[in-house]
Amino acid sequence: MKTLRDRVAVVTGGASGIGLGMAQAFAAQGARLVLADVEKAALDEAVAGLEAEGATVKGFVCDVSDAAAVARLAEQTLEAFGGAHVLCNNAGVAGGSPGGLWEAPLDEWDWVLGVNLMGVVHGLRSFVPILLQQEEGHVVNTASMAGLMPGAGIYGVSKHAVVAMSEGLWRDLRARETKVGVSVLCPGWVRTRIAESDRNRPEAPREPVEVPPEAEMMRKIVEGFIERGKDPREVGDLVAHCILEDRFYVLTHPWESMVRARMEDILEGRDPVGAPPPDAGEWSEMLER
Ligand SMILES: NC(=O)c1ccc[n+]([C@@H]2O[C@H](COP(=O)([O-])OP(=O)(O)OC[C@H]3O[C@@H](n4cnc5c(N)ncnc54)[C@H](O)[C@@H]3O)[C@@H](O)[C@H]2O)c1
């Protein structure tokens with residue numbers, strides 16, 4: 001895309017964190033916005049904040065794990081603005097379970113894959129046909145560095161799938177010679193509410209899970225990194241830039257060594273050990289404390 005001015009940008013998970021940061025960045029470039037989120041109060045607040053800054057914005061409550069709800073979001077977008085140009089499949093949850101993958105409760109798999117993976121599928125199914133009708137368009141799927149490194153539990157599985165889906169989407173759109181671009185956003189630590197993802201958990205009876213002390217300690221360490229993470233608005237500005245530049249892989253942190261280590265493990269027939277983030281020294285210091 002050459003410009004975001006007067007274009008319509010749809011952002012799922014737009015009430016908080018990276019989604020809100022992208023919405024602010026797009027608004028600063030003159031885009032009109034649709035924010036979708038499961039959290040009504042946070043959504044209302046985000047819409048009011050953007051309006052106060054002069055943006056044209058509509059907010060819709062939408063659970064991205066529900067295909068019908070996302071189809072309805074597409075209708076609401078067309079009713080509100082008559083089109084859609086940028087789709088950010090960004091809503092996500094940092095669910096997971098301590099212990100081995102084989103021990104994780106099925107409802108945890110359902111929740112995390114329902115939001116992080118199927119939410120993106122639903123977004124593509126409902127919005128890509130609309131983008132294809134425009135003269136221009138761009139899809140941004142939020143994955144994670146967890147989608148480029150080995151491991152990282154159910155969350156990592158969901159994010160690897162988002163990277164794979166984005167690469168497949170790029171190839172499919174290229175094969176059709178369309179003007180719709182694709183980016184996959186792979187953030188490192190960003191200062192958001194992702195560590196409080198339990199607030200977005202569906203209210204259903206859950207299988208009991210025992211949390212060992214080391215998993216609890218790891219959770220606190222991750223929270224600390226997120227608290228000191230990158231400003232979401234900075235990530236939003238980077239995404240806006242990459243849409244205009246039509247850049248596919250978008251990394252927010254200089255963590256190329258992690259990607260390289262995974263590729264080298266594969267090419268050299270090594271076990272999937274990978275490499276820690278460059279700030280991992282701080283991790284071990286914190287673990288020793
Ligand atoms: N913060 C980080 O360090 C980080 C790193 C890598 C990737 N990510 C990814 O960034 C994306 C945004 O997360 P964030 O860090 O801004 O966290 P956040 O919790 O601040 O924002 C996530 C938003 O998604 C919404 N949401 C959750 N479930 C939903 C559902 N079923 N339907 C619609 N909306 C839903 C939440 O209400 C919230 O507003 C996620 O996909 C996350 O996995 C974050």
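**Exercise 1. Describe the shell around the ligand by residue class, and state what surrounds the ligand.**

Step 1. In this predicted model, the shell around the ligand has 14 nonpolar, 14 polar and four charged residues, where Ala, Val, Leu, Ile, Met, Phe, Trp, Tyr, Cys and Pro count as nonpolar, Asp, Glu, Lys and Arg as charged, and the others, Gly among them, as polar. Local features need pLDDT of at least 70, and side-chain atom pairs count only at pLDDT 80 or more, whereas totals for chains, interfaces and linings use all residues. Residues are numbered from 1 along each chain as its sequence is written.

Step 2. The ligand is surrounded by 32 residues, of which G13, S16, G17, G92 and T192 are the closest; a residue is near a molecule if its C-beta atom, placed from the backbone, lies within 6 Å of it.

Step 3. Helix α1 (residues 17–28) contributes the most to this shell, with three residues; helices are DSSP runs of H or I with at least four residues, numbered from the N terminus.

**Exercise 2. Characterise the largest nonpolar core, and place V239 in it.**

Step 1. This core holds 70 residues, and A9, V10, A23, F26, L33, L35 and V239 touch the most other members. Such a core is a set of buried Ala, Val, Leu, Ile, Met, Phe, Trp, Tyr and Cys residues joined through C-beta atoms within 7 Å, buried meaning that 20 or more other C-beta atoms lie within 10 Å of the residue's own.

Step 2. Helix α4 (residues 106–133) gives the most to this core, with eight residues.

Step 3. Leaving aside neighbours within four places in sequence, V239 is in contact (C-beta atoms, placed from the backbone, within 7 Å) with M22, A25, V140, L185 and V250.

Terms used: Helix = DSSP H or I, 4+ residues; strand = E, 2+ residues; numbered from the N terminus. Buried ≥ 20, exposed ≤ 12 C-beta atoms within 10 Å, placed from the backbone. Contact = placed C-beta atoms within 7 Å.
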